[in-house]
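Biologist: I would like to learn how to read the packing of a chain from its model. Where should one start?

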Amino acid sequence: MDFNENARLDPSRSTSGGGSGGGRIAVGGVGGLVLILVALFFGIDPANILGSQTIDPTSSVSTGANTLQKCTTVKDIETTPQCRFVAYQNSLDRYWGSVVQGYTPAEQFVMFSGQVQTGCGTATSEVGPFYCPGDEKVYLDESFFSTLEQQFGATSTRAVEAYVMAHEYGHHVQNQIGVLGQVSRGGTGADSAAVRSELQADCFAGVWFANAAKDTQGPIAQVSEQDIREARAAAQAIGDDRIQQNTTGRVDRESWTHGSSAQREKWLLQGYRSGDPNTCDTWSARTL
């Protein structure tokens, strides 16, 4: 994935710390899969995980300077590598703002370390990236991509970073168009509302990949076939079936919350090959 060196960045909705307390989380992230699966195996409602966590006053909380505010041009990535996340964010908001009527950007992208207070409760690094509809913010722990490599076997590249960001922003799009609330119907399984929501977010990520470089004034200059292969590999690595097989030695379709490896890759490719968000209607699809 190449960046447009002449593009300017807007860091006004990016921060390296912060958040607010209260509420419950709509778990829709990529990194929280192991935690969620463990919760399901032990009969715990994963929607309660964040709200029930106790804050350890000795734990690490990101309180340093907001380095992302330095990210005003793509060239700033050379000196502040984290600026690439501002580039992803800006590109995502530019694209979705051009195709979704009445779209408003996510309130903020928050990169944290250790733990953070959110509008959905207290989040720690174990949860990984997620979107909180309570405050309309996307949260990403700084250590997540190391965890992705070590625990999931997915090589961390720019394309994988972009896929994770685009997936979480896909949940924001769902919130904007009024479908995210369907997840509250509850339940798990290969045909559940939770899985349909996650697969649609994967499809939306693919749609953005297909369109990002078409915006000549935006920060993304090129998305290559190699980038898509890397994103596909990441989608496969975090399928429910593969995680279950690796962690428990068995696959239980009835406890799925995100979809299988094949499903996640399928819907990512569906979005990429069509380039059209209208092809991402997982809610009415008979076959996922």
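Modeller: Start with burial: a residue counts as buried when its relative accessible area is under 20%. The model here is a predicted one. Buried residues make up 55% of the 288 residues in its chain.

Biologist: What does the accessible surface of the chain come to, and what share belongs to carbon and sulfur atoms?

Modeller: The accessible surface is about 11900 Å², and carbon and sulfur atoms hold 46% of that.

Biologist: How many helices and strands does the chain have?

Modeller: Its secondary structure comes to eight helices and eight strands. As for contacts with a separation of 6 or more, 76% of those in the chain are between residues 24 or more positions apart.

Biologist: How do I read a nonpolar core?

Modeller: In soluble globular proteins, nonpolar side chains tend to be buried together. In this model the largest nonpolar core has 66 residues, and those with the most contacts inside it are Trp96, Phe109, Tyr163, Trp208 and Phe209.

Biologist: Which elements each supply at least two residues of this core?

Modeller: The helices are H2 (83-99), H3 (144-152), H4 (158-177), H5 (193-211), H6 (225-237) and H8 (261-274), and the strands are S3 (108-112) and S7 (137-141). H5 gives the most to this core, with nine residues. Another core, of nine residues, lies apart from it; Phe112, Val116, Cys132 and Tyr139 are among its members.

Biologist: Take Trp96. What does Trp96 touch, not counting residues up to four places away in sequence?

Modeller: On that count Trp96 touches Tyr103, Val173, Phe204, Val207 and Pro277. Trp96 is itself buried, with a relative accessible area of 1%.

Biologist: How are pairs of aromatic rings read?

Modeller: Look at the distance between ring centres and the angle between planes: planes under 30 degrees apart count as stacked, and over 60 as edge-to-face. The count for this model comes to nine aromatic pairs. One of them joins Phe85 and Phe109, whose ring centres are 6.2 Å apart with planes at 20°, so this pair is stacked. Phe85 belongs to helix H2 and Phe109 to strand S3, so the pair ties together parts that are 24 residues apart in sequence.

Biologist: Are Phe85 and Phe109 buried or exposed?

Modeller: Phe85 is buried, at a relative accessible area of 4%, and Phe109 is buried too, at 0%.

Biologist: And how is the pair of Trp96 and Phe204 classed?

Modeller: Their ring centres are 5.1 Å apart and their planes are at 65°, so the pair is edge-to-face. Trp96 lies in helix H2 and Phe204 in helix H5, so this pair ties together parts that are 108 residues apart in sequence. Phe204 is buried, with a relative accessible area of 3%.

Biologist: Which residues do ring pairs link into a cluster?

Modeller: The cluster is made of Phe3, Phe85, Tyr88, Phe109, Phe144 and Phe145.

Biologist: Now the sheet. How should I read its strand order?

Modeller: Read across the strands, from one edge to the other. Here an open sheet of four strands has the order S2-S3-S7-S6, and its pairing is mixed. The edge strands are S2 (14-15) and S6 (130-132), each of which pairs on one side only. S2 and S3 run parallel and are joined by two bridges, with Thr15 standing opposite Val110 in S3. S3 and S7 also pair in the parallel sense, over five bridges, and here Phe109 stands opposite Val138 in S7.

Biologist: What is the burial of S3?

Modeller: Five of the five residues of S3 are buried, so the strand is largely enclosed by the rest of the structure. Gln108, Val110 and Phe112 point one way from S3, while Phe109 and Met111 point the other way.

Biologist: Which strands do H2 and H4 lie across?

Modeller: H2 lies across S2, S3 and S7 and runs at about 155° to S3. H4 lies across S3, S6 and S7, at about 25° to S6.

Biologist: Can a loop residue be read in this way? Let us take Ala190 as a case.

Modeller: Ala190 is in the loop between H4 and H5. Its relative accessibility is 11%, so Ala190 counts as buried. Not counting residues up to four places away in sequence, Ala190 touches Val195, Arg253, Trp256, Gln263 and Leu288. Ala190 and Gln263 are 73 residues apart along the chain, and their C-alpha atoms are separated by 9.6 Å.

Conventions. Residues are numbered from 1 along each chain as its sequence is written. This is a predicted model: local features need pLDDT of at least 70, side-chain atom pairs count only at pLDDT 80 or more; totals for chains, interfaces and linings use all residues. Side-chain values use heavy atoms; hydrogens and water are left out. A nonpolar core is a set of buried Ala, Val, Leu, Ile, Met, Phe, Trp, Tyr and Cys residues joined through side-chain atoms within 4.5 Å. Buried means under 20% relative accessible area, exposed over 50%, partly exposed in between (1.4 Å probe, protein chains only). Contact means heavy atoms within 4.5 Å. Rings of Phe, Tyr and Trp (its six-membered ring) pair if their centres lie within 6.5 Å; planes under 30 degrees apart count as stacked, over 60 as edge-to-face and the rest as tilted. Two strands pair if DSSP finds at least two bridges between them. Axes are lines fitted to C-alpha atoms, for helices over the stretch in contact, and angles run from 0 to 180 degrees between N-to-C directions. Accessible areas come from the Shrake-Rupley method with a 1.4 Å probe; for residues, only the protein chains shown count as cover.
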